[in-house]
Amino acid sequence: MKARRAVQAASLLLFLLLLLFARDGGVLGLPADLYLRLDPLAGVVTHLVCREIVPTLAPVLAVLVLTALCGRLFCGWFCPMGASLDLLGGLARVLTRRLWPLRRTLGTDPLPRTAKYLVLAAVLAAALVGENLDFWASPIPLVTRLYALVLVPLGAEGLVLGIEKGAPLLEAAGATDLLYLQVEAGHFRTALFVLGFWLVLLVLECVRPRFWCRYLCPAGGLLAIVARLAQVRLRRAGTCVSCGRCAAVCPAGLNPASPIQSHPETAGECLVCLSCVRACRHKSLRLAPGRVRASSLSGSASSPGLTLPTRRSLCLALAAGPVLSLATGIGPLAAREVPVRAPGSRPEEDFLARCLRCGACMRACPTSALQPVWFQSGVAGLFSPALDPRTGACLPECARCGEVCPTATILALPLAEKKWARVGIAVLKRDLCLAWAQDKRCMVCKENCPYGAVDVVVQQGHVAPVPVVDEKRCFGCGFCEHHCPKPVSAIVVESRGALRLAGPGFEKAAKKAGFILGAAQKKAPYHAPLFQPEGSGESTAPPGFLE
Amino acid sequence: MSFVADVDSAANTHPEVVGELLRMCLEAGASSVRVLDHAFRAGRSSLETSGILASCEGVREGLCHNLTSERHYREITLDGARDMHRNAIMRDVLEADVLIAAPVAKTNSSTGVSLALKGQMGLVLDRGSMHSRYDLDTAIVDLCSRIKPSLAVVDATRVLSTNGPYGPGLVLRPSEVIASPDPVAADAQTVASYTWYGRRVAPRQVGHIALAHARGLGRMDVENLNVQRLVL
């Protein structure tokens, strides 16, 4: 038990560190998306959805092999979702203990345990018709979203508050580095939804510990099926006096002392946490290898709720998956437009098929430019990442989003290649622009453009020099839109013209399309004649000067 | 040091000018000196590319910062303002005894040039409203009336003579530094000393300089001022 808690805590800590340092690279040489690549559901389903082997998800094989040997050890010991539920759920149970005394009684499942198989069936069936439903229920993406979009930003806000309040102390201590510490907290659009989702999970935690893992988690369901093969199982010795202590501590709500415990179906429910082994005063329980003979189980019929789902409910789930996911392509539920995606994003259909909505790219983006979308790209695109320049712009010297993407939805491109992966084109709204519409001298879009794609030109009929966009030079990074002083930006990045490929080759494709993407400073400098007003030869002052 | 651009591009003040100023401040007995800007991009990229961070760190560590978070700013009333009556200014600036403006000499397609006066926009949180809500020239003078630099040191070692403020543009190399306790005079002298887009321009042709002169912030009639030339 103690060993398990230590491993669980260490695992959760590692998960958190990987997430915290996602912007800076991995921790201990591990990839920032390590845990996401271990997600059993995503690791199995994603290949089916996109009809292609996704090599980055290979680590999931380790989890499947581990489960086939020892049961749901991953759920009990390593899963950060499980650890977070144990931690936050435990906290919630302590806080609500008086209001809501928990009775962990056996055999009173508020939901059939087979529900998770139905979720799994629906997700698998949708995957077979090429639709991605697993982002709704894959545990590691769910928990990544909680930390990346809600808890880490909250923590950062807290840190800023602490620095502000402690400023006099820090100053006295000479800790000026801390005083000027740059904390980019980041605010994410669907954070409230994610928080609400987790609050529901925590209420369910108060109903039964590990409610999610017992009844709903499709990855847990998948591992439960694999765990039927497990050779290492709980064994009961003859010394058992049926005192019930083991059942009282079991977080999965099982009765480890029951002979049924050895049954393959039950093995799938056990989280191998070993609480029962520690609780037993008669040393009757131990984890040991060896095959269970079917004859030893004869007569002990499977207990209700531990069986597989009924044929009818299974058929319904298998039908529901494709129907639900295909319905998202109809009418008002369908995509309205293609949002501006991260640089190196695959073509839209492939993108939505692969994307786990885990939020790793959003966490890794140093300017929080990648935001989850609501319904902009339809129900099927819910929570998928899109570039929102008003929040932040895409830095030319950064390609972290692709590096942390567990399914290569955003390709991991070296900077030399990423700089060609144009995400869209900035479009000037002349009716809103200070210079075009209001004759004000403003060129904030120009002075912020890292690619030299915006020029300010003197136009007849306009008092102030006006900005124009050179589309061949525009990357769509959004610095112009981010800094436009108008309350509603007068220059907006549109996804039109984005380069979306299923693999490397961005530079070649971009050059073929005639893009001239490079740092503004590398642009050929202006030479004499230095200033030539358009039209007449009469003397006009250079840009920004008065007559 | 607002722009991610190297020394040769002349989009930022020369790191040696900043470093030397810093050294002189410390030699003069300043107990606490800060080199600050509100750059376009959060983080240290422009500080590093400009070479200014390394130059400052070479003199004393932990002085050079890019302040983009709200917590470093305090909302104040700009007394005597004509247009922009409120904005948030860097706390460090508001608390400072002496403020030194150290801009590079360059063009700016909004305001003609960007020198000591226009450069003060790097000390406010919300620059956008100066473009959109207020008249830019008036707002610059409103700002400079409240946080007037005690000394302006215009770096004209290189002058970005076209396509400012970011460039790339034609870079002149006069190897000069123009300093004055009157920021308007320093700016006016800079405008009068070099060519802009290949022509001579009078200080009165720069809207905010003319306005600052008219409002008594300083003098742009450099021909009537005592200008000393030192050759080192």
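**Two chains, one core and a few unusual backbone spots**

With 17 C-beta neighbours inside 10 Å, A:Ser368 counts as partly exposed, because a residue needs 20 or more such neighbours to be called buried. This serine belongs to a predicted model, and its backbone stands out a little: phi of A:Ser368 is near 55°, a positive value in a residue other than glycine. A:Ser368 sits in the loop that runs between α18 (360-364) and β3 (370-372) of chain A.

Chain B has a similar case to look at. B:Ala10 is not a glycine either, yet its phi is positive, near 60°. B:Ala10 is found in the segment before α1 (15-27) of chain B. Here the count of C-beta neighbours inside 10 Å is 28, so B:Ala10 counts as buried. Most residues other than glycine have a negative phi, and most peptide bonds are trans.

That brings up the peptide bonds. B:Gly164 and B:Pro165 are joined by a cis bond, with omega about 10°. Another cis bond runs from B:Gly167 to B:Pro168, and omega there is near -5°. B:Pro165 lies in the loop between β8 (151-160) and β9 (171-172) of chain B, and B:Pro168 is also placed in the loop between β8 and β9.

Now for chain A as a whole. Its secondary structure comes to 24 helices and 8 strands, and its C-alpha trace spans about 105 × 60 × 40 Å along the principal axes. Of its 547 residues, 48% count as buried. The domain assignment splits chain A into domain 1 (2-297), domain 2 (334-423) and domain 3 (425-494 + 517-547). Domains 2 and 3 of chain A have C-alpha centres 28 Å apart, and they touch through 13 residues from domain 2 and 12 residues from domain 3. On the domain 2 side, that contact is made up of 9 nonpolar, 1 polar and 3 charged residues.

The largest nonpolar core holds 226 residues, and A:Val123, A:Ala360 and A:Cys361 touch the most other members. Helix α6 (residues 115-128) of chain A gives the most to this core, with 12 residues. Leaving out residues up to four places away in sequence, A:Val123 touches seven partners by name: A:Leu41, A:Val45, A:Leu133, A:Asp134, A:Ala137, A:Pro218 and A:Gly321.

Finally, the chains meet through 38 residues from chain B and 39 residues from chain A. On the side of chain B that touches chain A, β6 (104-108) and α6 (128-132) each supply at least two residues, and α6 of chain B gives the most, with 4. By class, this side of chain B has 13 nonpolar, 23 polar and 2 charged residues.

Conventions
Residues are numbered from 1 along each chain as its sequence is written. Chains are lettered from A and ligands numbered from 1 in the order in which they are written. This is a predicted model: local features need pLDDT of at least 70, side-chain atom pairs count only at pLDDT 80 or more; totals for chains, interfaces and linings use all residues. Two residues are in contact if their C-beta atoms, placed from the backbone, lie within 7 Å. Ala, Val, Leu, Ile, Met, Phe, Trp, Tyr, Cys and Pro count as nonpolar, Asp, Glu, Lys and Arg as charged, and the others, Gly among them, as polar. A nonpolar core is a set of buried Ala, Val, Leu, Ile, Met, Phe, Trp, Tyr and Cys residues joined through C-beta atoms within 7 Å. A residue is buried if 20 or more other C-beta atoms lie within 10 Å of its own, exposed if 12 or fewer, and partly exposed in between; C-beta atoms are placed from the backbone. Domain bounds come from an automatic or database domain assignment.
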